[in-house]
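Grab a pencil and work through a few exercises on the structure below. Each one comes with a solution, so try it yourself before reading on.

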Amino acid sequence: MDIMENVNIKLRAPEPDDIEILYEWENNTEIWYISNTLTPFSKYSLKKFIENSHLDIYETKQTRFIIELKSQQRPIGAIDLYDFDPYHLRAGVGILISSKEDRRKGYAGESLQTLINYCFTILGLKQLYCSITENNQESMRLFIKQGFVITGQKKDWIKSGDEWLTEYFLQLIRQAD
């Protein structure tokens with residue numbers, strides 16, 4: 001099997017045809033707090049993002065893959081690497097399975113497994129990390145199931161409406177071969 005595939009999903013580069021779905025995902029205000037988004041994305045900015053997606057991760061310090069359901073060749077989400085640090089061999093990870101109908105089917109786990117393998121095998125990273133708010137238990141379970149460990153917390157870190165949420169910091173450190 002291709003390193004960018006798993007049983008049910010494959011990770012692929014964003015294509016121009018993805019602009020409409022990315023526009024929908026990025027402008028879903030219900031999930032803005034997860035990505036610290038405060039303003040909508042334009043189709044123009046998403047078009048530019050896709051046009052630049054061919055640039056090397058060493059240049060942009062980030063990359064995004066579309067999560068595609070292999071059986072239907074349908075995009076169901078995205079998985080990102082951000083704050084890529086080639087000196088310290090680490091990157092942050094973010095994931096979205098957009099539709100509630102596509103959640104709890106193992107696609108996020110397969111996507112995260114595939115990304116971890118890519119990062120450790122192809123990019124040679126030492127560690128991956130993510131930040132998850134206390135009210136996002138599904139993401140917490142997902143990352144912990146893939147071997148991430150909670151290594152810290154930031155109390156009252158994220159403002160969500162009138163409340164403040166604690167954000168947990170999780171790491172997955174590759175063990176020496």
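What follows is a set of exercises on ring pairs, salt bridges and a charged patch.

First, the ground rules. The model is predicted, so local features need pLDDT of at least 70 and side-chain atom pairs count only at pLDDT 80 or more, while totals for chains, interfaces and linings use all residues. Residues are numbered from 1 along each chain as its sequence is written, and side-chain values use heavy atoms, with hydrogens and water left out.

**Exercise 1. Classify the ring pair of Tyr-58 and Phe-84, and say where its two members sit.**

Step 1: get the rule straight. Rings of Phe, Tyr and Trp (its six-membered ring) pair if their centres lie within 6.5 Å; planes under 30 degrees apart count as stacked, over 60 as edge-to-face and the rest as tilted. The count by this rule is five aromatic pairs.

Step 2: apply it. The centres of Tyr-58 and Phe-84 are 5.0 Å apart and the ring planes stand at 90 degrees, so we call the pair edge-to-face.

Step 3: place the partners. Tyr-58 belongs to helix α4 (residues 57–60) and Phe-84 to strand β3 (residues 74–85), so this pair links distant parts of the chain, 26 residues apart. Helices (H or I, at least four residues) and strands (E, at least two) are DSSP runs, numbered from the N terminus.

Step 4: check the cover. Buried means under 20% relative accessible area, exposed over 50%, and partly exposed in between (1.4 Å probe, protein chains only). Phe-84 is buried at 4%, whereas Tyr-58 is partly exposed at 43%.

**Exercise 2. Do the same for Phe-65 and Tyr-118.**

Step 1: look at the geometry. With centres 5.5 Å apart and planes at 80 degrees, these rings are edge-to-face.

Step 2: find the elements. Phe-65 is in strand β2 (residues 63–69) and Tyr-118 in helix α5 (residues 107–121), so the pair ties together parts 53 residues apart in sequence.

Step 3: check burial. Both Phe-65 and Tyr-118 are buried, with Tyr-118 at a relative accessible area of 15%.

**Exercise 3. Which parts of the chain does the salt bridge of Lys-70 and Glu-5 tie together?**

Step 1: define the contact. A salt bridge is a side-chain nitrogen of Lys or Arg within 4 Å of a carboxyl oxygen of Asp or Glu. The structure holds nine of them.

Step 2: check the distance. The closest N and O atoms of Lys-70 and Glu-5 are 3.3 Å apart.

Step 3: locate the ends. Lys-70 is in the loop between β2 and β3 and Glu-5 in the segment before β1 (9–12), so the bridge joins parts 65 residues apart in sequence.

**Exercise 4. Trace the salt bridge of Lys-154 and Glu-167 and compare how covered its ends are.**

Step 1: the N to O distance is 3.2 Å.

Step 2: Lys-154 lies in strand β6 (residues 149–160) and Glu-167 in strand β7 (residues 163–173), so parts 13 residues apart in sequence are tied together.

Step 3: Lys-154 is partly exposed, at 27%, but Glu-167 is buried, at 9%.

**Exercise 5. Where is Glu-134 found?**

Step 1: look between elements. Glu-134 is in the loop between β5 (127–133) and α6 (137–145).

Step 2: check its cover. At 32% relative accessibility, Glu-134 is partly exposed.
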